[in-house]
Amino acid sequence: MSYDIKVWRVIKKGNLPIPPKKDANGQVIVSTDPLDLDDYTDEQVVVITVNAKTKYLLYNAINGEEYEKISSCETAKEMWNKLEVTYEGTNKVKETRINLLVRDYELFQMKDGESVEEMFYGFSKILGYLKSFGRPIKSGEQVRKILRSLPTIWQPKVIALECQDLDKISYDELRSDLIAFEKTHLDIQIQKKNKTVAFKETVTEP
């Protein structure tokens, strides 16, 4: 779309028909002879150019092995459909993948010893895959899921956040907030706990 929105339209909807050439009275000129480049109308040039751009972009986005799979395709839409099946699978395969991703999303929890950055990295991967399969998760639900995924040591922060309107907290704001809490509160608690354990071990030595 960033290259040319008309290119994306061709990929998703199919090639536009080349408009016929008309005379001064608006009547369609019927001819079986191939047009010379100088005979194309401006409308025909636009459609032909978009189709050519689309095929060119697809050809340059793949390797030689994939090229063999689509080299016989006449339209960009055909090429796209073949590549879609190759990389995403048939509808049944896609539905299975979506179900597995939804399960991963629902069971997602912060792991022991995992940092906020590591947790968000793993969670963002699941969100990205779901979005690519047409199952995006709303921002508010993302925030709620992250809060439900945190272990009990995070409860004071979770309670404080849940007192706010979670629909107004963005995913990135939550990430920054949790990182700050991790650095200023949890790290200090863990250090104190480690010192206490080390002190008890020293005292109990014979």
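Are Phe-123 and Tyr-171 buried or exposed? I began my notes with this pair, in what is a predicted model, and I found that both Phe-123 and Tyr-171 are buried.

**Entry 1, overall layout.** I looked up the secondary structure next and found nine helices and zero strands, so the order of elements from the N terminus is read, because runs are numbered from that end, as α-α-α-α-α-α-α-α-α. Of the 206 residues in the protein, 27% are buried. I also checked the contacts with a separation of 6 or more, and noted that residues 24 or more positions apart account for 59% of them.

**Entry 2, aromatic pairs.** I counted seven aromatic pairs. For Trp-8 and Trp-80 I read ring centres 5.5 Å apart and planes at 90°, so I entered this pair as edge-to-face, given that planes over 60 degrees apart count as such. Trp-8 belongs to helix α1 (residues 5–13) and Trp-80 to helix α4 (residues 76–88), so the pair ties together parts that are 72 residues apart in sequence. I then looked up the accessibility of each: Trp-8, at 31% relative accessibility, counts as partly exposed, and Trp-80, at 23%, counts as partly exposed as well.

I returned to the pair of my opening question, where the rings of Phe-123 and Tyr-171 have centres 6.2 Å apart and planes at 25°, so the pair is stacked. Phe-123 lies in helix α6 (residues 116–132) and Tyr-171 in helix α9 (residues 171–203), so this pair ties together parts that are 48 residues apart in sequence. Phe-123 and Tyr-171 also belong to one aromatic cluster, which they form with Tyr-105, Phe-108 and Phe-120. At Tyr-105 I noted a charge as well, since the charged end of Lys-145 sits over the ring of Tyr-105, 6.0 Å from its centre.

**Entry 3, Val-143.** I placed Val-143 in helix α7 (residues 139–149) and found Val-143 to be buried, with a relative accessible area of 0%. Which residues is Val-143 in contact with, leaving aside its neighbours within four places in sequence? I listed Leu-166, Ile-169, Ser-170, Tyr-171 and Leu-174, and Tyr-171 in this list is the residue that I had entered above as part of the aromatic cluster. I also took the C-alpha to C-alpha distance from Val-143 to Asp-172, which is 9.4 Å for two residues that are 29 apart in sequence.

**Entry 4, cysteines.** I searched for disulfides and found zero in the structure. I noted the accessibility of two cysteines: Cys-73 is buried, with a relative accessible area of 6%, whereas Cys-163 is exposed, with a relative accessible area of 67%.

**Entry 5, Asp-4.** I found Asp-4 in the segment before α1, where Asp-4 counts as buried at 13% relative accessibility, because this value is under 20%. I followed the side chain of Asp-4 and saw that it reaches the backbone nitrogen of Lys-6 at 2.9 Å.

**Entry 6, helix α8.** Which residues of helix α8 (residues 155–162) are buried? I wrote down Lys-157, Val-158 and Leu-161. Looking down the axis of α8, I found that these buried residues fall within an arc of 100°, so they line one face of the helix.

Note on methods
Residues are numbered from 1 along each chain as its sequence is written. This is a predicted model: local features need pLDDT of at least 70, side-chain atom pairs count only at pLDDT 80 or more; totals for chains, interfaces and linings use all residues. Side-chain values use heavy atoms; hydrogens and water are left out. Helices (H or I, at least four residues) and strands (E, at least two) are DSSP runs, numbered from the N terminus. Buried means under 20% relative accessible area, exposed over 50%, partly exposed in between (1.4 Å probe, protein chains only). Contact means heavy atoms within 4.5 Å. A disulfide is a pair of cysteine sulfur atoms within 2.5 Å. Rings of Phe, Tyr and Trp (its six-membered ring) pair if their centres lie within 6.5 Å; planes under 30 degrees apart count as stacked, over 60 as edge-to-face and the rest as tilted. A charge sits over a ring if NZ of Lys or CZ of Arg is within 6 Å of the ring centre and within 35 degrees of the ring normal. A polar contact is a pair of N or O atoms within 3.5 Å; within protein, one must be able to donate a hydrogen and the other to accept it, and residues adjacent in sequence count only if both atoms are side-chain atoms. The arc is that of the directions from the helix axis to the C-beta atoms.
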